[in-house]
Amino acid sequence: MKTNLILFSSLLLTLTSLQGAKPAFTYIEVDDAREKWGDFAGPTWLRYFGADALDVNQDGYHDILSGRYVYLSPGGDLQGPWERVDLRNNTDGILFLNVDGDALPDGIAISLPSVYWIEAVDSTGQRWFFREIAQVEATGHINSQGFRVADLVPGGRPEILLGAGDGLHVIEIPDEPESGLWPSTLLIPGSSDEGFDTGDIDGDGDLDLVASSYTKQGDHQVLNQLYWWENPGSLSAKGRVTEIFKSKHDIDRIEVADFNGDGRLDIAYAEERYPGKEPDAELVWLAAPEDPVTGKWTPALLITQYSMNNLGAGDIDGDGDIDLVTNEHKGSVYTLQLFENDGTGTFRIHKIDTGKEMHLGARLVDLDGDGDLDIYGPAWDHYAFLHVWRNDG
């Protein structure tokens, strides 16, 4: 790469008319020269998984953490150069969160089995300090593809949720985070290290978990058992696991939201196909029953296409309900799609863009501070790229 000031390219992409408006997205190429994990350590094929956004330097615009890099926003319309800061450590930066309550930004990075707290040395976000905080079992891809920050135990600091080789772990932030390793609990043994989400499924006021696990199909293990874990109110207690649904193929990404406006939290999932030559991966949402333990969850198929290792849920068009965004990770077209929700769980599909492969992306956040949700995400097969689509609708 010629400079750490990443040049951009942009392309205006207009969606089908929605309710008389003409929403549009502008594509911004944040980086086209990212290195991969395997450039620095084995296995040589391994890429980075992480992606999160936070206003690191407090200029009013969200910056992006992705793998071993922090990208500082140019501000404005986001079309200026994004400054790439190398963390100078072959770890996968996955999450932003406030660890110690001070004004300096914090994050979480992994090089499993090691988990690190990273903290900016000053408010510019140019240099970061690493401190090991936990050890969890490595996955088949070394690092995790499932990570969230959530307040499972209300009243304290949020917890770090991390999929590992032996299941889903919860890492707690202690009162004195600088002192030694942090408490870590294997919350759900055997849970996948792919995507999961949190939400108050049973309506009792605390956050539950929705994730997936493997079942045996012939000679193969398939990641197709969707379930929800009931929060018992303590990390030391065993929560009830309720099986919801079996998918056709491996469940990769999961989002929890009320899609049909009935006040109950529903679930959407996107399937992965490997090696991904078949255009038969499904995007499905399931309507929650009145009783999420004994009732039947009702599935609705939204689309069948190439492997979708990307899924985001949020109010993209500003009409008050939750839409979905996904991007094909395999195939040759790599279509990025908006599934516009009419508020009842009926979705209309709009093509946002094509030609940009993405992995663990379709992340939604207001990057430019204009009040609507933009889209961003890193690539995997075309790992050198980091993509942003600015929402101009």
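**Close-up 1. Leu 78 is a buried residue, with a relative accessible area of 0%.** Welcome to the first view of this predicted model. Leu 78 sits in the loop between β6 (69–72) and β7. Its backbone is worth a look: phi is positive, about 70°, although Leu 78 is not a glycine. For context, most residues other than glycine have a negative phi.

**Close-up 2. Ile 142 also has a positive phi of about 70° without being a glycine.** Look for Ile 142 in the loop between β11 (128–135) and β12 (147–150). Is this residue buried, partly exposed or exposed? Ile 142 is partly exposed, because its relative accessible area is 23% and the buried class ends under 20%.

**Close-up 3. Two cis peptide bonds, each leading into a proline, are shown here.** One joins Gly 42 and Pro 43, with omega at about -5°. Pro 43 belongs to the loop between β3 (24–31) and β4 (52–54). The other joins Tyr 274 and Pro 275, and its omega is about 5°. For Pro 275, the place to look is the loop between β21 (266–272) and β22 (281–287). As a reminder, most peptide bonds are trans.

**Close-up 4. Thr 91 is buried, at 1% relative accessible area.** This threonine lies in the loop between β7 (82–86) and β8 (92–97). Which residues does Thr 91 contact, leaving aside neighbours within four places in sequence? Its partners include Trp 37, Tyr 48, Tyr 116 and Phe 130, and also among them are Gly 67 and Arg 68. Ala 109, Ile 110 and Ser 111 are in contact with Thr 91 as well.

**Close-up 5. Asn 224, in strand β18, is the centre of this view.** Asn 224 counts as buried because its relative accessibility is 0%. Setting aside residues up to four places away in sequence, Asn 224 touches Ser 213, Thr 215 and Gln 217, among others. Its contacts also include Phe 245, Lys 246, Ser 247, His 249 and Ile 251.

**Close-up 6. Lys 36 and Asp 39 form a salt bridge, with their closest N and O atoms 2.9 Å apart.** The lysine, Lys 36, is buried at 13% relative accessible area, whereas Asp 39 is partly exposed at 39%. This pair belongs to a model whose salt bridge count comes to 16.

**Close-up 7. Glu 230 and Arg 240 meet in a salt bridge, their closest N and O atoms being 2.7 Å apart.** Both partners are in the loop between β18 (220–229) and β19 (241–246), ten residues apart. Arg 240 counts as partly exposed, with 45% relative accessibility.

**Close-up 8. Arg 273 pairs with Asp 280 in a salt bridge, the closest N and O atoms lying 2.8 Å apart.** Arg 273 counts as buried at 17% relative accessibility, while Asp 280 is partly exposed at 25%. Elsewhere, Arg 148, Asp 197 and Glu 255 are joined into one network by salt bridges that share partners.

**Close-up 9. Asp 102, Asp 175, Glu 176 and Glu 178 form a negative surface patch.** Asp 175 is found in the loop between β14 (167–171) and β15 (184–189), and Glu 176 is in the loop between β14 and β15 too. Asp 175 is exposed, with a relative accessible area of 73%, and Glu 176 is exposed at 52%. To place the view, the C-alpha atoms of Glu 176 and Pro 232 are 26 Å apart, with their positions 56 residues apart along the chain.

How values were computed. Residues are numbered from 1 along each chain as its sequence is written. This is a predicted model: local features need pLDDT of at least 70, side-chain atom pairs count only at pLDDT 80 or more; totals for chains, interfaces and linings use all residues. Side-chain values use heavy atoms; hydrogens and water are left out. Patches are made of residues with over 30% relative accessible area and no salt bridge: like charges are joined within 9 Å, nonpolar side chains (Val, Leu, Ile, Met, Phe, Trp, Tyr) within 5 Å. Accessible areas come from the Shrake-Rupley method with a 1.4 Å probe; for residues, only the protein chains shown count as cover. A salt bridge is a side-chain nitrogen of Lys or Arg within 4 Å of a carboxyl oxygen of Asp or Glu. Lys and Arg count as positive and Asp and Glu as negative; His and the chain ends are not counted. The place of a charge is taken as NZ of Lys, CZ of Arg, CG of Asp or CD of Glu. Helices (H or I, at least four residues) and strands (E, at least two) are DSSP runs, numbered from the N terminus. Buried means under 20% relative accessible area, exposed over 50%, partly exposed in between (1.4 Å probe, protein chains only). Contact means heavy atoms within 4.5 Å.
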